[in-house]
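Let's take a friendly walk through this structure, starting with a charged side chain and ending with a pocket.

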Amino acid sequence: MSNEQQSHVHSVPIRVYLLVYVALLVLLVLTVGAAYLPGHHTTLNNVIALTIAVVKAVLVILYFMHVRYSTRLTWLWASAGFFWLVIMFILTLGDYFTRHWVPVQGWQ
């Protein structure tokens with residue numbers, strides 16, 4: 001590598017990776033705990049689980065995929081991926097919520 005290419009390499013201490021790893025493990029425990037919340041508040045459980053999943057995804061993207069220390073162009077592409085994911089969720093939920101579910105006779 002030339003000197004110009006080496007100047008863009010960012011060294012991340014192992015401590016940062018270990019802290020992110022511990023944070024991901026804590027978030028995993030919280031996700032499992034959210035599944036066992038008492039009551040019939042499945043909507044609340046789903047919102048909690050999805051929020052935790054987004055936080056975990058952001059941590060993985062920022063640190064393990066090295067987007068945190070990348071150029072603005074990399075940030076743009078990573079943001080475009082998240083934007084596309086939001087579009088896909090909106091389209092899927094739009095289809096789901098506009099369907100009229102007809103209960104099957106005999107099922108309770």
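Lys 56 is buried (under 20% relative accessible area with a 1.4 Å probe, protein chains only), yet Lys 56 has no salt bridge (a side-chain nitrogen of Lys or Arg within 4 Å of a carboxyl oxygen of Asp or Glu). The nearest side chain of opposite charge, Asp 95, is 26 Å away. This is a predicted model, in which local features need pLDDT of at least 70 and side-chain atom pairs count only at pLDDT 80 or more, while totals for chains, interfaces and linings use all residues. Residues are numbered from 1 along each chain, and side-chain values use heavy atoms, without hydrogens or water.

Lys 56 sits in helix H3 (residues 42-64), helices being DSSP runs of H or I with at least four residues, numbered from the N terminus. Beyond its neighbours within four places in sequence, Lys 56 is in contact (heavy atoms within 4.5 Å) with Leu 24, Leu 27, Leu 28 and Thr 31.

What does Asp 95 pair with in a salt bridge? Its partner is Arg 99, at 2.8 Å, N to O, and the structure holds 1 salt bridge. Both residues appear below; partly exposed means between 20% and 50%.

| Residue | Relative accessibility | Class |
|---|---|---|
| Asp 95 | 37% | partly exposed |
| Arg 99 | 45% | partly exposed |

Now for the pocket. H3 and helix H4 (72-97) each supply at least two residues of the lining of the largest pocket. Its lining divides into 12 nonpolar, 2 polar and no charged residues, where Ala, Val, Leu, Ile, Met, Phe, Trp, Tyr, Cys and Pro count as nonpolar, Asp, Glu, Lys and Arg as charged, and the others, Gly among them, as polar. A pocket here is an open set of points on a 1 Å grid where a 1.4 Å probe fits, with protein on both sides within 12 Å along at least five of seven lines, and lining residues have an atom within 4 Å of a point.

Technical notes
Lys and Arg count as positive and Asp and Glu as negative; His and the chain ends are not counted.
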